[in-house]
Number of protein chains: 2
Amino acid sequence: MAEPAARIEDEALTPALVAAVLDAAAAGDVLRLTDLLDPLHAADIADLLEQVEPADRQALLALWGRQIDGEILSEIDEAIREEVIESLPADVVAEAVRELDTDDVVDILEDLEEPQQARILGALEGVDRVAVQQALAYPEYSAGRLMQRELVIAPLHWTVGEAIDWLRAATDLPNQFYHVILVDPRMRPQGYVTLGRLLSARRDTALTALTEGSFRTVPATESETEVAWIFTQYHLISLPVVDAAGRLAGVITIDDAMTVLDEEHEEDILRMAGVGDEASLSDSVAQAARGRALWLGVNLVTAILASLVIDLFAATIEALVALAVLMPVVASMGGNAGTQTMTVAVRALATRDLTARNMLRVVRREVAVGAVNGLLFGTVMAGVTALWFGLPMLALVIGLAMVLTLVAAALGGILIPVGLDRLGIDPALASGPFVTTVTDVVGFLAFLGLAAAVLL
Amino acid sequence: MAEPAARIEDEALTPALVAAVLDAAAAGDVLRLTDLLDPLHAADIADLLEQVEPADRQALLALWGRQIDGEILSEIDEAIREEVIESLPADVVAEAVRELDTDDVVDILEDLEEPQQARILGALEGVDRVAVQQALAYPEYSAGRLMQRELVIAPLHWTVGEAIDWLRAATDLPNQFYHVILVDPRMRPQGYVTLGRLLSARRDTALTALTEGSFRTVPATESETEVAWIFTQYHLISLPVVDAAGRLAGVITIDDAMTVLDEEHEEDILRMAGVGDEASLSDSVAQAARGRALWLGVNLVTAILASLVIDLFAATIEALVALAVLMPVVASMGGNAGTQTMTVAVRALATRDLTARNMLRVVRREVAVGAVNGLLFGTVMAGVTALWFGLPMLALVIGLAMVLTLVAAALGGILIPVGLDRLGIDPALASGPFVTTVTDVVGFLAFLGLAAAVLL
């Protein structure tokens, strides 16, 4: 019988549900726990395990751990996965990984320590173990790590009827597949046919007559970033992966590409904010503090650099303390304008919208935007300064400094990410400190330098 | 015959290719242009049109515009889509949109002005026009706008054989479909069957015996953000959409969800950097400057607020100008630490990892991280200050101020996004200025206040 239509609202991990689960765990009520957790999707159970306190998690696992399956294991965040696997009986883990496709096993394995890796590899059947070990031989974050080995292939010369008969007889089809991949006698992929076309074509049609124009392949050594980009750019559903000899090695499906895309975006956002590779909210204080300290350290150096610039003008500030009051405004506006341009540039580099060809045009546009907003806010700030301190020359100085700083912010905001990208350094990770240095130094130098020249 | 395996490297939009296309356009060589552009994917042609100068774009369209099809139109960035459609002959546009699925037509239409909308609607066949108009009646950014009306459905009581026979006979199957959706006599979706299972099951098997556990539906009024989240969370390939009466209204496929996910991330990153809803590199100077001015304006107000705090201590600074030299260090470190925490919080809210249940734990962790890094960098900066200015009390003051500021940054960095989220305001858009105000004000107040108390 068809299952009743599940409504998202009924299933979501509500606070009430989490509370009920914790109550049942505290009461040691395994039956109630099973009643509550059974209807949940593996992803929601994994979320629940991530959100509760470590002690509650252990209590839950002790009572209900035997019912954890492969899908839940692969949904669990890597920050707590090791802890979860550690606390499960060996046979539960073995059973769980055996039901997964090889790509999911690889995803679980690559974050584990040596002894746990060996334990899980040992639980796999011979042929799956070899497939997983081969995948692990590819570099981290490569297509080879992402692909599943379970394939649905057909020789080039088959007809629709032959393919359908073979599919009907097959007993070990992958959990997910959307295409039949056509291979030549040397296992080199030559095209693919969607299941929809296969289903609706006549039995005597040649498979080669039904291949899709969207077909393309990637080498197993290709980076997963590139893979995610290819999926997005060409709206693919699956992407065959080839080895160095051009033979079909596996296939990547869109759900895995979507996961990569999600992770990459997350990484980009966190990197741009200087949070490094912080994995999740489950990271410990020490892990989180260490990850962020690196960037704060870099920032401290650039901030001291800015202080050295200010120190050059100590006498000027002593003569006119209003300069000390106003100088953070110039630096802060420059910093923000620089971050705006930098973010646009980093994103455009990631989506490949910023190329050698349109570089000059984009730089011109950013400088123009910086000049326009510099004039606008320079004028406003000059007005504020004139009213506040009653010093027209100081007003002129801060207005001019603002224009100079915002133009410098625009230049730094685009040229620094582009330069880092050309040097092969991730612009999302490294641009921030450099841009801030430029805007701080230019901001203080312009404001205090002009003040020294004009006012004293 | 199967097409030869396309290699990504051969097809990508290389600078050489773009140059060749522009040369051909300049020479008015339509044949060469066709030779160059024909092998390209629609997404690459769209990228090319976006990257070239407006004048070159017009020249290209004049020569080659008649060959633009629906797929290229839907790939083109909305920033230039209007311009492109404007310059194409009416019959080309009509022909192009007629071959698209309804969701793609809606996607093109919703960004156009009234007269162009009417022109395109008029070009559609009656039944498609009604479908598109119905979709446009749903709110912007809703599931109803995202779904395609082209459906593959089967009555609940059918067998595999009946479904396959019907699929074979069907002449207007959607361009993409991965499931057969089972509906009851009142058109309410009850489950779905993957094409893979359909293909591999016996003809006499009931479809209801093959339904997938992943099946769920969303109301047409659901937001596209929620839709993207559901796809990611539950690894869906397609998601049936129901109307207010629970009847099947359409289906959303994963490629559309991936596009939404991509756009939402883009939006989040740009919003956090205060770039607003800047559409693309093709935006004009005026558009870009206006979008960013809003945030710079807010920042100017908060910066002046910080200046007022400094002004309270003008006499202190006059007495010890080293304070002016060092104060930006405290503010800058606070600002960066605040941004780090804020980014983690905004992300965790978006991925629903931060809930009422683990809030307190996360706040405690952030404060602890702030204290640890405050102590670390406070100590370093105290050392630097002692060496630089030879004033032990000043060193103590900056060290203490740093600890206070980094703890305040942690608190502000998490409580402000959470508070905004509870008020229904997008934390990615609005957190930045508030967090910066907190860190600036606390930073200057702590450093200058302590200095006034201890040093003078």
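In this predicted model, Pro240(A) has Val251(A), a residue of strand 6 of chain A, as its bridge partner. The two strands involved are strand 5 (residues 238–242) and strand 6 of chain A, which pair in the antiparallel sense over 5 bridges. Strands of a sheet pair through backbone hydrogen bonds, either parallel or antiparallel.

Strands 4, 5 and 6 of chain A make up an open sheet in the order 4-5-6, and the pairing in this sheet is mixed. Its edge strands are strand 4 (218–219) and strand 6 (248–253) of chain A, each of which pairs on one side only.

A strand pair can also be described in chain B. Strand 2 (residues 179–183) of chain B and strand 3 of chain B run antiparallel and are joined by 5 bridges. One residue pair here is His179(B) with Thr194(B), the latter in strand 3 of chain B. The two strands form a hairpin with 5 residues between them. In the turn, Met187(B) has a positive phi of about 65°. Is strand 3 (residues 189–194) of chain B mostly covered or exposed? Strand 3 of chain B is mostly covered, with 6 of its 6 residues buried.

The bridge partners named above are set out here.

| Residue | Bridge partner | Strand of the partner |
|---|---|---|
| Pro240(A) | Val251(A) | strand 6 of chain A |
| His179(B) | Thr194(B) | strand 3 of chain B |

On a wider scale, the domain assignment divides chain A into domain 1 (13–139), domain 2 (153–266) and domain 3 (287–455). Between the C-alpha centres of domain 1 and domain 3 of chain A the distance is 48 Å.

How are the two chains related? A turn of 180° with a shift of 0.0 Å along the axis lays chain A on chain B with an RMSD of 0.2 Å. That is the relation of a two-fold axis.

The contact between the chains takes 109 residues from chain A and 110 residues from chain B. On the side of chain A that touches chain B, the largest share, 16 residues, comes from helix 19 (residues 322–350) of chain A. The residues of this side of chain A divide into 66 nonpolar, 25 polar and 18 charged. Of the interface residues of chain A, 100% are also interface residues in chain B, so the copies meet through the same surface.

As for confidence, the mean pLDDT of chain A is 89, and 96% of its residues reach 70 or more. Over residues 1–10 of chain A, pLDDT stays under 50. The model scores ipTM 0.82 and pTM 0.83.

Technical notes. Residues are numbered from 1 along each chain as its sequence is written. Chains are lettered from A and ligands numbered from 1 in the order in which they are written. This is a predicted model: local features need pLDDT of at least 70, side-chain atom pairs count only at pLDDT 80 or more; totals for chains, interfaces and linings use all residues. Domain bounds come from an automatic or database domain assignment. pLDDT is the predictor's confidence in each residue, from 0 to 100. Two residues are in contact if their C-beta atoms, placed from the backbone, lie within 7 Å. Copies are superposed by least squares on the C-alpha atoms of residues with pLDDT of at least 70 in both. A residue is buried if 20 or more other C-beta atoms lie within 10 Å of its own, exposed if 12 or fewer, and partly exposed in between; C-beta atoms are placed from the backbone. Helices (H or I, at least four residues) and strands (E, at least two) are DSSP runs, numbered from the N terminus. Two strands pair if DSSP finds at least two bridges between them. Ala, Val, Leu, Ile, Met, Phe, Trp, Tyr, Cys and Pro count as nonpolar, Asp, Glu, Lys and Arg as charged, and the others, Gly among them, as polar.
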